[in-house]
Amino acid sequence: VILAVCLNPALDITYRTTNVRSGTSHAVEVAGERAGGKGINVARVLHQLGIASTVTGLLGGARGAALEADLDAAGVAHSFSPIAGASRRSITVVDPDDAMVFNEPGPVVASEEWRHFLDRYRDLLGAASAVTLSGSTPPGLDRSAYATLVGIAGAAAVPVVLDAGGPALTRALAQGPTVVAPNRAEVAETLERAIDGRTGLRAAAEELRARGAGSVVISDGPDGLVCATRGGAWLARPPHRVTGNPTGAGDALTAALAAGLERADDWPEILRMGVGWAAGAVATHVAGEIDERVAAEAAATMVLEEMP
Ligand SMILES: Nc1ncnc2c1ncn2[C@@H]1O[C@H](COP(=O)(O)OP(=O)(O)OP(=O)(O)O)[C@@H](O)[C@H]1O
Ligand SMILES: [Mg+2]
C-alpha cells in the first residue's frame with residue numbers, strides 16, 4: 001500500500017460565472033465540490049490506476065465530513081486524524097476565458113492533535129511500502145513537520161517521496177528522504193539562488209543530494225525533469241508539449257515516483273512512468289485524474305538522456 005499524506009486537505013469549490021470584473025457582483029453556479037489537496041490528488045491517481053493506496057492527514061468540521069464523503073464516493077481509501085478546527089476551502093472562479101483560485105490557509109492544529117496524527121501515521125506506515133508527502137501544511141505546525149514525517153518513515157524503513165520546497169524541504173533534507181521532487185521554482189527558493197537552464201538544474205540536484213536526499217527529481221513544466229541518483233543522472237522529457245491543465249501534473253509525477261519505488265523499478269523505468277503520468281494529468285481538466293491514453297503514449301515515446 002502507498003500511503004499518501006495530505007496534511008491540509010481542501011474542499012475544492014468551483015464557481016462558474018460569466019464576465020468576471022472587479023467592482024461588480026456576480027451570480028455564480030456552484031459547478032462542483034470536490035475533495036482536493038496534493039496528497040488527495042496523489043491517492044486519486046493511484047486509485048485510478050488500480051494501485052492500492054490510503055490517504056491520511058488532518059481533517060475537521062462539516063467540510064471535513066464532506067471531504068470524506070467525496071473520497072468514499074470516489075472509492076479512495078482514507079484514514080484521517082480528526083481535529084477541532086474546520087478543514088479549509090479552495091475556491092476556483094471560472095468564466096469562459098479565465099480562472100482564479102483562492103486558497104484558504106486551513107485550520108490551526110493543536111500540538112496534541114499533531115501527536116495523535118503522528119500515532120496514526122506510525123500505525124499506517126506499518127502496512128506501507130512507500131509514502132508520499134506533498135502540499136501545504138496547516139497553520140500551527142512548525143516548519144519541521146515534514147522533517148519529522150521523513151524521520152519516522154526512515155526509522156520504519158519505508159521509502160519516502162517528498163514534494164515540497166523552501167524551509168520545509170531544507171529541514172527535511174537532513175533526515176535523508178529517499179526521493180525529493182520539487183519543481184524548478186521550489187529549488188530556487190530552497191537554495192536561495194536562481195537556477196539557470198539544464199546545467200543549473202543538474203548542479204542543484206547534486207546540491208540537494210549532498211544535503212541529504214537519496215535521489216532528486218526536479219520537475220520543469222513542459223520541459224520535463226532532471227533526475228540525480230547515486231547511480232546516475234538523467235534528463236527526461238515528454239515527446240511534445242501537451243495542452244490542457246498543468247495543475248496536478250506534479251502530483252501525478254509524485255504518484256509515479258512512489259509507485260516506482262514500491263515496485264523497485266530501475267530509474268529509467270520510474271522516469272518513464274513519471275513523465276507519462278504527468279503528461280496524462282495535463283490532458284485532463286481536473287487535478288487527480290490522468291488521461292491513460294495520453295500517459296501511455298508519452299511514456300512510450302519519452303526522451304531520456306543521460307547527463308554527465
Ligand atoms: N504541458 C506539458 N506537457 C507535457 N508534460 C508536462 C507539461 N507540463 C508539465 N508536464 C510534466 O509534468 C511534470 C510536473 O510538472 P511541473 O514541473 O509543472 O510540476 P509542478 O509545478 O509541481 O506542478 P503542480 O505542483 O501544480 O502539480 C513535468 O516534469 C513534466 O514531465
Ligand atoms: Mg508541485
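How far does a backbone N or O atom of Val242 lie from a nitrogen atom of ligand 1? The separation is 2.9 Å in this model, which is a predicted one. This briefing starts with the surroundings of ligand 1 and then turns to three helix pairs, two of which involve helix α1.

**Around ligand 1**

- Ligand 1 has 17 residues around it, and those that come nearest are Lys38, Asn183, Ser219, Gly224 and Gly250.
- Ser219, one of these nearest residues, places a polar side-chain atom 2.7 Å from an oxygen atom of the ligand.
- Asp220 takes part through its backbone: a polar backbone atom of this residue is 3.4 Å from an oxygen atom of ligand 1.
- Val242 also uses a backbone N or O atom, here facing a nitrogen atom of ligand 1 at 2.9 Å.

**Helix α1 with helix α8**

- Helix α8 covers residues 249-263, and its axis is 8 Å from that of α1, with a packing angle of about 60°.
- That angle makes α1 oblique to α8, and the crossing of the two is right-handed.
- On the α1 side, the contact is made by Lys38, Asn41, Val42, Val45 and Leu46.
- On the α8 side, the partners are Asp251, Ala252, Thr254, Ala255 and Ala259.
- Sorted by class, the contact of α1 with α8 has six nonpolar, two polar and two charged residues.
- Lys38 is worth a second look, as this residue belongs to the α1 side of the contact and is also among the residues that come nearest to ligand 1.

**Helix α1 with helix α2**

- Helix α1 (residues 38-48) packs against helix α2 (residues 61-74) at an angle of about 15°, and their axes are 11 Å apart.
- The two helices are therefore roughly parallel.
- Here too, α1 passes its partner, α2, in a right-handed crossing.
- From α1, Ile40, Arg44 and His47 meet Leu67, Asp70, Leu71 and Ala74 of α2.
- This contact of α1 with α2 comprises four nonpolar, one polar and two charged residues.

**Helix α5 with helix α6**

- Helix α5 spans residues 166-173 and helix α6 spans residues 184-191; their axes come within 8 Å and cross at roughly 70°.
- With that angle, α5 is roughly perpendicular to α6.
- Gly166, Pro167, Leu169 and Thr170 of α5 make the contact with Glu186, Glu189 and Thr190 of α6.
- By class, the contact of α5 with α6 divides into two nonpolar, three polar and two charged residues.

Conventions:
Residues numbered from 1 in each chain as written. Chains lettered and ligands numbered in written order. Predicted model: local features only at pLDDT ≥ 70, side-chain atom pairs only at ≥ 80, totals over all residues. Heavy atoms only, no water. Axes fitted to C-alpha atoms, helices over the stretch in contact; angles between N-to-C directions. Helix = DSSP H or I, 4+ residues; strand = E, 2+ residues; numbered from the N terminus. Parallel < 35°, antiparallel > 145°, perpendicular 65-115°, else oblique. Left-handed = near helix turned anticlockwise from the far one by under 90°. Contact = heavy atoms within 4.5 Å. Nonpolar A, V, L, I, M, F, W, Y, C, P; charged D, E, K, R; others polar. Near = heavy atom within 4 Å. Polar contact = N/O pair within 3.5 Å; in protein donor to acceptor, adjacent residues only side chain to side chain.
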